[in-house]
Amino acid sequence: MQKEELTFNDLPAVVGELCNRIASMENLLTEKLSKQHEVKENTHVPMTVQEACAYLKMPLSTFYYKVKKDDIPVIKQGKHLYIYRDELDKWLESSRKNPVPQSFEEENESMLASHRRKPNPKNWE
């Protein structure tokens with residue numbers, strides 16, 4: 001398809017090749033989207049206290065101390081405590097000292113939203 005000048009006779013071949021490329025791109029996109037969807041479904045998994053301590057690399061006593069202070073989101077079923085992995089990840093992100101790096105567009109929007117301008121009395125008339 002790398003021709004400098006296309007003629008009317010070349011159009012069917014070129015259109016056929018473009019259709020093939022579009023179909024292959026659609027297949028790649030559906031594969032990527034299905035992989036992303038699978039990963040998101042498996043994050044809401046209940047964990048026991050021992051599994052959560054291993055996941056956080058935290059001693060058991062520290063974990064129970066944070067649960068007592070209502071720092072870590074847990075579910076109590078009788079004598080047992082359960083923690084969902086996605087809620088634990090959200091808790092970790094919320095307790096971050098440094099904010100998550102933003103893209104240029106997000107940073108620009110946040111700067112514009114936080115900037116207040118004085119009203120211009122010339123435009124009031």
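**Helix packing, a buried aspartate and two salt bridges**

Of the 125 residues in the protein, 13% count as buried. The model is a predicted one, and it shows five helices and three strands. Read from the N terminus, these elements come in the order α-β-α-α-β-β-α-α. As for how the chain contacts itself, take the contacts with a separation of 6 or more: 45% of them come from residues 24 or more positions apart.

Helix 4 is a good place to start. This helix covers residues 85-94, and its buried residues are Asp86, Leu88 and Trp91. What do they pack against? Their partners are strand 1 (46-47), helix 2, helix 3 and strand 3 (80-84). The pairing with helix 2 can be spelled out residue by residue. On the helix 2 side, Ala52, Tyr55 and Leu56 take part, and they meet Arg85, Leu88, Asp89, Trp91 and Leu92 of helix 4. Leu88 and Trp91 thus turn up both among the buried residues of helix 4 and in the contact with helix 2. The two helix axes come within 12 Å and cross at roughly 40°, which makes helix 2 oblique to helix 4. The crossing is right-handed.

Asp86 deserves a separate look, since this acidic residue of helix 4 is buried yet has no salt bridge. The nearest side chain of opposite charge belongs to lysine 90, and it is 5.0 Å away. A salt bridge calls for a nitrogen and a carboxyl oxygen within 4 Å, so the lysine 90 side chain, at 5.0 Å, does not make one with Asp86. Which residues does aspartate 86 touch, once neighbours within four places in sequence are set aside? Those contacts are with Thr43 and His44.

Salt bridges do turn up elsewhere, and a search of the whole structure finds two. One links glutamate 17 to arginine 21, with the closest N and O atoms 3.2 Å apart. Both residues sit in helix 1 (residues 11-41), four residues apart, or about one turn of the helix. Neither end of this pair counts as buried, because glutamate 17 has a relative accessible area of 27% and is partly exposed, and arginine 21, at 42%, is partly exposed too. The other salt bridge joins the side chains of aspartate 71 and lysine 69, at 3.9 Å from N to O. Here again the partners are partly exposed: the relative accessible area is 31% for aspartate 71 and 46% for lysine 69.

Last come two spots with unusual backbone angles. Most residues other than glycine have a negative phi. Lysine 57, although not a glycine, has a positive phi of about 55°. This lysine is placed in the loop between helix 2 (49-56) and helix 3 (60-68). Is lysine 57 buried or exposed? With 77% relative accessibility, lysine 57 counts as exposed. Aspartate 70 is not a glycine either, and its phi is positive at about 60°. Its loop runs between helix 3 and strand 2 (75-77). At 67% relative accessibility, aspartate 70 counts as exposed as well.

Key:
Residues numbered from 1 in each chain as written. Predicted model: local features only at pLDDT ≥ 70, side-chain atom pairs only at ≥ 80, totals over all residues. Heavy atoms only, no water. Buried < 20%, exposed > 50% of the residue type's maximum accessible area, 1.4 Å probe, protein only. Lys, Arg positive; Asp, Glu negative; His and termini not counted. Contact = heavy atoms within 4.5 Å. Axes fitted to C-alpha atoms, helices over the stretch in contact; angles between N-to-C directions. Parallel < 35°, antiparallel > 145°, perpendicular 65-115°, else oblique. Left-handed = near helix turned anticlockwise from the far one by under 90°.
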